[in-house]
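Colleague: I am new to this one. Please walk me through the terms and the values behind them.

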Amino acid sequence: MKTQKYNHITRVLVAVGLFSMVIPALAAQVPPGTALAEKQELVRNNGSEPSSLDPHKVESDVENNIISDLFEGLVSVSPAGEIEPRLAEKWENKDNTVWTFHLRPGVTWSDGTAITAQDIVWSWQRLVSPLTASPYASYPGNMHIVNGAEIAQGQKAPETLGVKAVDDATLEVTLTQPNAAFLAMLAHPSLVPLDKVLISRYGDKWTKPEHIVTSGPYKLSQWVVNERIVGRAQSALLG
């Protein structure tokens, strides 16, 4: 029992720098004469060790809680249920079946390279490919994206998925039928863009701290298995 208790306490996400981002806004609430620690640190109990930080290889909140700190998707859903722009700054649709998303100017990975519509196309093709064996391979099909179901079942090639890059900053998604939940479904962690060059170079080791690039508010800096995962706050990447 002592060993189980130790693991429960030490399996955490340490988000270094979070309070350094919010303290200026709360400065008036700090009692006079209060000395703040030089290193502002938030420790969060993550419940258990994540099996992976590859968004296409996981399916539980244990992993997705951390992935959501590291990566951004096209949109997010607020606690009130409202659709909020993230990597996409705006979008429009034709007949509720052809959706066009415009990426924010200047969005980048944590290494400074640009995030493009091609990154999203490749990532979604990887998600549905049977070779990836993702637990969420059927998700694009459930969204009614053209050929999503057929690709997941091995009947068509991933390249036939109904998503294309019109240019570096414009993504077009085609559905087989209108889907009222489409925008909300876009917020799922499995649909965040990933870096093709990085994954091609490092394979399954691409999520190691020394390799990974991210698009969210934190950059993975340390991962000690069964002990801690550390993410350092980085400058806003949304332009």
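The questions below take up burial, salt bridges and the largest pocket.

Modeller: This is a predicted model, where local features need pLDDT of at least 70, side-chain atom pairs count only at pLDDT 80 or more, and totals for chains, interfaces and linings use all residues. Residues are numbered from 1 along each chain as its sequence is written, and side-chain values use heavy atoms, without hydrogens and water.

Colleague: How many helices and strands are there, and what makes a run count as one?

Modeller: The protein chain has eight helices and 10 strands. Helices are DSSP runs of H or I with at least four residues, strands are E runs of at least two, and both are numbered from the N terminus.

Colleague: Why is Asp-69 called buried or exposed?

Modeller: Buried means under 20% relative accessible area, exposed over 50%, and partly exposed in between (1.4 Å probe, protein chains only). Asp-69 has 17%, so Asp-69 is buried. Arg-44 has 31% and therefore counts as partly exposed. Across the protein chain, buried residues make up 44% of the 239 residues.

Colleague: How do you know that Arg-44 and Asp-69 form a salt bridge?

Modeller: A salt bridge needs a side-chain nitrogen of Lys or Arg within 4 Å of a carboxyl oxygen of Asp or Glu. In this pair the closest N and O atoms are 2.9 Å apart, so the pair meets the cut-off of 4 Å. Arg-44 sits in strand β2 (residues 41-45) and Asp-69 in helix α3 (residues 61-70), 25 residues apart. The structure holds six salt bridges.

Colleague: What makes the salt bridge of Arg-126 and Asp-54 a tie between parts of the chain?

Modeller: Arg-126 lies in helix α4 (residues 117-128), while Asp-54 is in the loop between β2 and α3, so the pair ties together parts 72 residues apart in sequence. The N to O distance is 2.8 Å. Both Arg-126 and Asp-54 are buried.

Colleague: Why are Glu-227 and Arg-228 given the exposure class they have?

Modeller: Glu-227 is at 30% relative accessibility, so Glu-227 counts as partly exposed. Arg-228 has 27% and is therefore partly exposed. Glu-227 and Arg-228 form a salt bridge, with the closest N and O atoms 2.1 Å apart.

Colleague: Which element gives the largest share of the lining of the largest pocket?

Modeller: Strand β3 (residues 75-77) does, with three residues. Lining residues have an atom within 4 Å of a point on a 1 Å grid over the protein atoms alone; a pocket is an open set of points where a 1.4 Å probe fits, with protein on both sides within 12 Å along at least five of seven lines.
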